[in-house]
Amino acid sequence: MFSYVKQVGISTALSQEAPAFLLSVVIAEVFYKFHSFTLECAAFLATWYGLSWAQSRLFGSRAQ
C-alpha cells in the first residue's frame with residue numbers, strides 16, 4: 001500500500017479506494033461475527049480487495 005500511495009499520490013489513492021473501503025467496513029460490521037479478530041480482519045481485507053477489484057473492472061483504473 002505504501003508503494004501504491006507513493007506512486008499515485010495520497011489524494012488519488014484516497015479517491016480510488018475510499019468507496020470500496022467504506023463499503024467493506026459496513027459489510028464487515030453488519031455480517032462478520034466470527035468471534036475472532038484474525039478471521040474478521042482477514043474477511044474484511046478480502047472483501048475490500050474484492051470490492052476494489054470489482055470497482056476497477058467496472059469503472060476502469062484511474063491511476064496514471
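Here is a friendly chat about a predicted model and two of its helices.

Residues are numbered from 1 along each chain as its sequence is written. In this predicted model local features need pLDDT of at least 70, side-chain atom pairs count only at pLDDT 80 or more, and totals for chains, interfaces and linings use all residues, while side-chain values use heavy atoms, leaving out hydrogens and water.

Colleague: Is V30 buried or exposed?
Modeller: Let's find V30 first: V30 sits in helix α2, residues 10-31, where a helix is a DSSP run of H or I with at least four residues, numbered from the N terminus. Buried means under 20% relative accessible area, exposed over 50%, and partly exposed in between (1.4 Å probe, protein chains only). V30 has a relative accessible area of 52%, so V30 is exposed.

Colleague: Which element gives the largest share of the largest nonpolar core?
Modeller: A nonpolar core joins buried Ala, Val, Leu, Ile, Met, Phe, Trp, Tyr and Cys residues through side-chain atoms within 4.5 Å. The largest one has 6 residues: A20, A28, Y32, A43, F44 and W48. Two or more residues each come from α2 and α3 (37-59). The largest share, 3 residues, comes from α3.

Colleague: How many Å apart are the end C-alpha atoms of α3?
Modeller: The expected span of a helix is 1.5 Å times one less than its number of residues. For the 23 residues of α3 that should give 33 Å. The distance in the model agrees with this, at 32 Å.

Colleague: Which residue follows α3?
Modeller: Look just past the helix for a positive phi, near 80°. The residue with that phi is G60.
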